[in-house]
Amino acid sequence: MKIPFPSLTFFQALQALMRQDEARFRRLGFVDTTFGIRIVTTDRAWQYLLTFEVFECREVREVSTFDLTAIDFVLQGDLAAWVEMLDNIRQHGGADVSHSLNTLTHFGERLTLLYDDPDNRDKFFRFQESIQEFFDLASALDVELPMSTAAGAVVTT
Amino acid sequence: MAFYLEKDYFEDLELFHLTERVMSGDLTLHWYEAKTERVRVAPRQPARGLTYEDCNVGSYSYDRLPDLIRTNYSMAPRGAELWGKLPDLGYTVNRKSDVWADNVAVLYEEAKTRRWAPAVDLPWETLARAPLPEILEAAMAQLCTFLQECATAALGITSHWVYAINQEFLELKSYLSAQILDHARHVEAFRKRALAGGQGLKRASVCAEQALKELLSADTYPTSSVAGNVLLGSFLLELYRYMAAIAPSPLDLRLFRLAMQDAARMVAYGTGNVRYHLRHHPQRASFLHDYLDTTEHCLLGLAGSPECLEPLILLSGGGSEASQVQRGSRAVAHFLRQTIADYLERCEHAGLSGRSTRSQLPQYLQRLGV
């Protein structure tokens, strides 16, 4: 069954895969962070809150706003950037250098890190391997991505 | 300086006879009624196991530690009954507000579970299958030579203090020991990376080593911590992060991503330590500011050393052609701006208000045209 992106179902599917692959994430160590995902187009935004605790993703939910003082950070980007990243993960079984979360946020053009407290933002670096491997699990999903247009924009249905 | 105790246990008849008696079944059991608190701790979260936070109870608690340790200079663990003539180990760092951070216990548990082993956790075989072009491999070998110098200095900064810190701060001493292992791991990983690529090591950096020596020589714990964990830590975190973003091979991607995680813990402790220190001694902010005023130039000695800057430019641009060097220089300029902005933001947030305007680092970059 195809899993649409963006959707709560997509993040729930990653959460379930993480639970199934517990040994892999146990090897990476404790991951304790709560962060937001913000996917935007010109006319709408999807927002999800992900809570990681010990070795698992404890909770995913859709939210209407983020309180940056209550969470660690928000990963924000155009739908096109997220789609390109997921497409790359699907092709390579995991993000390559150009499409890793670190690279996309480092140069700040495709994805941006929003935060209130730099200590909390630094958890993105402290738990980098776990967060990246969580997203890399998408390579095992049959994801229905929005269509790309020639201009690089995406069309959602 | 050697220490010799008052008696030689080989010649101590009292101990000999006592041991003989105990071995024959005549136990003293004087320890059985020790005047200590009886507790039974258990994991709050079974998946996490029994952590130091779970053990933060009653007289064993780190929350109940006085700021200044006056009663225990021995190696007796916190909460044990102190009796008799326990030795004074001569600890010189005895003030909790100088060394502590609220996240110490968490970082210690995190450091242990997020450990990695360069020998087996890095895909060494991928480099043999797809070697880098010679110029890029040479640049990587030079960068890894430089990074070993940095990791050696970071290791020296931390290990210099571990023994001097009072044993009552055992979670902190344990965290610093984990940090030493992180630094040792980086020395190992960067050494192996340089040797695995066919180039071997390159040149030591005079400029960087002079700067690192100044960071190593901080004479109080709070200044040493801000120098090592916040200033050097921020530089290394940003450098590992940058290298993970431009990694020329899957091996380098994983190597720098894992090193980034370790450096981020170092920075988290450093900013936590500054915050804790200033919460208890707000008047010392000016002392730390003064120290950083004289020490921040070391960051330029590191980032500006040709043994760091040039390989970074070549790796960023993808080669040594003029256009590649130009592209690489632009990317490295971004890295330098980001490094200094993030470092200053961390200082401000940790309680060093006004650091961004007081620091000469942004103006220096401006003068460089960066």
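Here a biologist quizzes a modeller about a predicted model of two chains, A and B.

Biologist: Let's start with the overall picture. What makes you say that the radius of gyration of chain A agrees with a compact globule?

Modeller: For 157 residues, the globule rule puts the radius of gyration near 15 Å, and chain A comes out at 15 Å, so the two agree. The C-alpha trace of chain A spans about 40 × 35 × 30 Å along its principal axes. Buried residues account for 43% of the chain.

Biologist: What is chain A built from, in helices and strands?

Modeller: Seven helices and nine strands. As for how the chain folds back on itself, take the contacts in chain A between residues at least 6 apart in sequence: 66% of them join residues at least 24 apart.

Biologist: Now helix 1 of chain A. How do you know that its length agrees with its residue count?

Modeller: Helix 1 covers residues 8-20, which is 13 residues, and at 1.5 Å a residue that should span 18 Å. The end C-alpha atoms are 19 Å apart, which agrees.

Biologist: Which residues of helix 1 of chain A are called buried, and what do they pack against?

Modeller: The buried ones are A:F10, A:F11, A:A13, A:L14, A:Q15 and A:M18. To earn that label, a residue needs 20 or more other C-beta atoms within 10 Å of its own. Among the elements that these residues pack against are helix 2 (22-28), helix 7 (128-136), strand 3 (45-53) and strand 4 (56-62) of chain A.

Biologist: On to the sheet. What makes strand 4 and strand 6 of chain A edge strands?

Modeller: The open sheet has five strands in the order 4-3-2-5-6, with mixed pairing. Strand 4 and strand 6 (111-114) each have a single partner strand, so one side of each is left without a neighbour in the sheet. On average, neighbouring strands are turned by 20° against each other, direction ignored.

Biologist: Why is the pairing called mixed?

Modeller: Look at two of the pairs. Strand 2 (residues 33-40) and strand 5 (residues 73-78) of chain A run parallel and are joined by six bridges. Strand 5 and strand 6 of chain A pair in the antiparallel sense over four bridges. The sheet's pairing is mixed.

Biologist: Which residues face each other across those pairs?

Modeller: Between strand 2 and strand 5, A:R38 stands opposite A:Q76, and A:I39 has A:G77 as its bridge partner. Over at strand 6, A:L114 is the residue opposite A:V74.

Biologist: And what makes strand 3 and strand 4 of chain A a hairpin?

Modeller: Strand 3 and strand 4 pair in the antiparallel sense over six bridges, and two residues sit between the strands. A:V54, in the turn, has a positive phi of about 60°. A:F52 and A:C57 stand opposite each other in this pair.

Biologist: Which sheet strands does helix 3 of chain A touch, and at what angle does its direction stand to strand 5?

Modeller: Helix 3 (residues 79-92) packs on the sheet against strand 2, strand 5 and strand 6 of chain A, and its direction makes about 95° with that of strand 5.

Biologist: How many residues does each chain bring to the contact between chain A and chain B?

Modeller: Chain A brings 18 residues and chain B brings 26. On chain A's side, helix 4 (101-106), helix 5 (118-121), helix 6 (123-126) and helix 7 give two or more residues each. Helix 4 has the largest share, three residues. By type, the chain A side divides into eight nonpolar, five polar and five charged residues.

Biologist: What does the secondary structure of chain B come to?

Modeller: Chain B has 16 helices and zero strands. Its C-alpha trace spans about 85 × 50 × 45 Å along the principal axes, and 39% of its 370 residues are buried.

Biologist: Last one: how do you know whether B:R64 is buried or exposed?

Modeller: By counting neighbours. A residue is exposed if 12 or fewer other C-beta atoms lie within 10 Å of its own; B:R64 has 12, so it is exposed. B:R64 lies in the loop between helix 1 (13-23) and helix 2 (96-99) of chain B. The C-alpha atoms of B:R64 and B:F190 are separated by 41 Å, with the two residues 126 apart along the chain.

Definitions and conventions:
Residues numbered from 1 in each chain as written. Chains lettered and ligands numbered in written order. Predicted model: local features only at pLDDT ≥ 70, side-chain atom pairs only at ≥ 80, totals over all residues. Expected span 1.5 Å × (residues − 1). Contact = placed C-beta atoms within 7 Å. Rg over C-alpha atoms; globule rule 2.2 N^0.38 Å. Nonpolar A, V, L, I, M, F, W, Y, C, P; charged D, E, K, R; others polar. Pairing = 2+ DSSP bridges. Axes fitted to C-alpha atoms, helices over the stretch in contact; angles between N-to-C directions.
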